[in-house]
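Trainee: Got a minute to go through a structure with me? I'd like to start with the overall fold and then get to the packing.

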Amino acid sequence: MRKYLLTRVALLVPVLLGVSIVTFSLIRLVPGDPVTVILGPDARLTADQVANIRTQYGLDDPAPVQYAKWLGKVLSGDIGTSFRTGRSLTQELALRLPVTLELTALAVVLGIVPAILVGILAAVRRNSAADYIATMSTLVGISVPNFLLATLLVLAFSIWLRWLPPIGYVELNIDPLGNLKTMLLPAISLGLPFAAIMMRITRSSVLEVLGQDYVRVARAKGLRSDGVLGRHVLPNAAIPVITVGGIQIARLLGGAVIVETIFGLPGIGRYVYEAISMRDYPVVQGVTLVVALAFVLVSLIVDVLYAVVDPRLRMAD
Amino acid sequence: MQQVDVQTRPVGLVQTPPKQRAQSIKPRPSWVRGLLRQRLALTGLILVLFFSVVAIGGARVAPYGFSEQHSRDRMQPPGGAYVLGTDEFGRDIFSRLLYGAGISFQVGVISVGISGLAGILLGLVAGYRGGWVDAILSLLMDVVFAFPAILLAIAIIAMLGSSLPNVMLAIGIVNTPTFMRVVRGSTLSLRRTTYVEAAVSLGAPTVRVLARHVFPNLAAPLIVLASLNFAFAVLAEASLAFLGLGNKPPSPSWGSMVSSSYGFLEIAPWAALFPGAAIALTVLGFNLLGDGVRDALDPRLRY
């Protein structure tokens, strides 16, 4: 198992390097002179000043040298500086990341439990009314974008029923209940499409395992059906569910940009949104980098979970 | 005539049982029939056809222009002169929906075209060449895949500038890995089939082997991918437009229609609900069609 995990970690290195090159190059996509990109569009400078800035920021260096310098800074924890506030991005993100993580965690918790239970039920009772309803709601769930779901929820729960606020944020450590009230609609908007995908993959992987010979053998030797399900079906069906789950949880961070913007939550998603209209390019670059790193981390966790679930990997060394 | 023989099976070298041959002669009709058997897939097909017709011809039959403002008729409820009501500028929602379908369709076709073309080429090369070419191309796709699709699209558009062509390009880029992976995987296994080996040993150039013997076998999974990616492209364009990325107002993109009327939800909910329903139904249609074709192709699910 240790060998397997070490291989996995080693395989992450080229991906991480690639991710860093892509994020480094992102800011070079901005049309125009890099000096204006660094100083913002409002700066008025003489040719001398521009030349000074070019040397100061190392813009005359060849691109690989610039990349190496940038990577060195990133590795020491400096992912850039906001144009607008001039503050370190690492600090800005540290303030906002907890909100996004809370939102994502809540969305996962709200989504995954019903998704897996209904998915198993739909597979076990294939072609029943429950299965049909589950399949239909999955299809609707993956076809309704986050922002539309948010619009519908706000219309129903904030405007018509007046149960929950349509916008705003209360800090968790100041008023936990108020925090939950402001987080509930965003978490559902984010979590429902996630739940739909998870339900679909649970249903199809349980169905797939139910058709295997070893399940028929287990039944034939007279095991009770819940015994078959718990011992033979679910552990084997768990593997694709974990894979898809890991990818989808990381994908939630993309949806968080939209949901946080709609509900006015001060997370990294809303930060990116504000940065775009202000042309605060380093912020967009920094958040993209952090989220991609989170994705790579999640895929590592998924690989570790594989090793825990799959005895072939657990035993091997 | 000789080519046909090479393409199917090298007769004389490998004796194929007659039963298997009978199956391999007409694989296509069976999945088309399988598709039509499924009601959900058929619903998807109808939705897709309806959307395409509206997208192509809708603007011509729209009762009003998409930016035509009727200042006396702001936020009129559905019915009367305005079938689906009007928005906060007194613009006819029905007409804007018809025009907006064209934008979604354009984004879908072009971005799926970009990711399809890039993904197919990269996948064929990686799968057929193998070795370090494959390793590098696969790594490149893993890297693109390491960013949440919507966030990477947002980042690309934020840097390149907000416009519809950049939206199409960004969606095309973030979708390329899905095409590349499927094409690569199938090419890897097709490379070892007898008919490809036969074509190679007859001296066919690589381009010909890929175009005539490998690519046609990818057609079916590519239809599935194109349909599912079209669904994603429509959804992504709407989400980006909702955030204000893409065409500028008064462009009737469905996503921006929802976001501009969001502030008036209490007074005129229809102005957000109709474009929302249009997005959901279109995405649903392409998802249903893609799933349906996939199920029809999967022999394990056919019975």
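Here is our chat about the chains, their contact and two helix pairs.

Mentor: Sure, and keep in mind that this is a predicted model.

Trainee: Okay, how many helices and strands does chain A have?

Mentor: Chain A has 13 helices and zero strands. Reading along the sequence, you just go from α to α.

Trainee: And what does the C-alpha trace of chain A span along its principal axes?

Mentor: About 85 × 60 × 35 Å.

Trainee: What percentage of chain A counts as buried?

Mentor: That would be 36% of its 317 residues. As for contacts in chain A with a separation of 6 or more, 73% of them come from residues 24 or more positions apart.

Trainee: Switching to the two chains: how many residues does each one put into the contact?

Mentor: Chain A gives 40 residues and chain B gives 36 residues. On the chain A side, the helices that each supply at least two residues are α1 (2–26), α6 (129–143), α7 (146–160), α10 (225–263), α11 (268–277) and α12 (281–309).

Trainee: Which helix has the largest share there?

Mentor: α10(A), with eight residues. By class, the side of chain A that touches chain B has 32 nonpolar, seven polar and one charged residues.

Trainee: Let's stay with α10(A). How does α10(A) pack with α11(A)?

Mentor: Their angle is about 80°, and the axes are 7 Å apart. An angle from 65 to 115 degrees counts as roughly perpendicular, so that is what α10(A) is to α11(A).

Trainee: Which residues meet there?

Mentor: From α10(A) you have A:Ala256, A:Val257, A:Val259, A:Glu260 and A:Thr261, and they meet A:Gly269, A:Arg270, A:Val272 and A:Tyr273 of α11(A). The classes in that contact are five nonpolar, two polar and two charged residues.

Trainee: Over to chain B now. What's the angle between α7(B) and α11(B)?

Mentor: Helix α7 (residues 149–160) and helix α11 (residues 219–242) of chain B pack at about 55°, with axes 11 Å apart. The two helices are therefore oblique to each other.

Trainee: Is that crossing left-handed or right-handed?

Mentor: Right-handed, for α7(B) passing α11(B).

Trainee: And what residues are in that contact?

Mentor: In α7(B), B:Ile150, B:Ala153, B:Ile154 and B:Ile157 meet B:Ala236, B:Ser239 and B:Leu240 of α11(B). The contact of α7(B) with α11(B) has six nonpolar residues, one polar residue and no charged residues.

How values were computed. Residues are numbered from 1 along each chain as its sequence is written. Chains are lettered from A and ligands numbered from 1 in the order in which they are written. This is a predicted model: local features need pLDDT of at least 70, side-chain atom pairs count only at pLDDT 80 or more; totals for chains, interfaces and linings use all residues. Two residues are in contact if their C-beta atoms, placed from the backbone, lie within 7 Å. Helices (H or I, at least four residues) and strands (E, at least two) are DSSP runs, numbered from the N terminus. Ala, Val, Leu, Ile, Met, Phe, Trp, Tyr, Cys and Pro count as nonpolar, Asp, Glu, Lys and Arg as charged, and the others, Gly among them, as polar. A residue is buried if 20 or more other C-beta atoms lie within 10 Å of its own, exposed if 12 or fewer, and partly exposed in between; C-beta atoms are placed from the backbone. Axes are lines fitted to C-alpha atoms, for helices over the stretch in contact, and angles run from 0 to 180 degrees between N-to-C directions. Angles under 35 degrees count as roughly parallel, over 145 as roughly antiparallel, 65 to 115 as roughly perpendicular and the rest as oblique. A crossing is left-handed if the near helix is turned anticlockwise from the far one by less than a right angle, and right-handed if clockwise.
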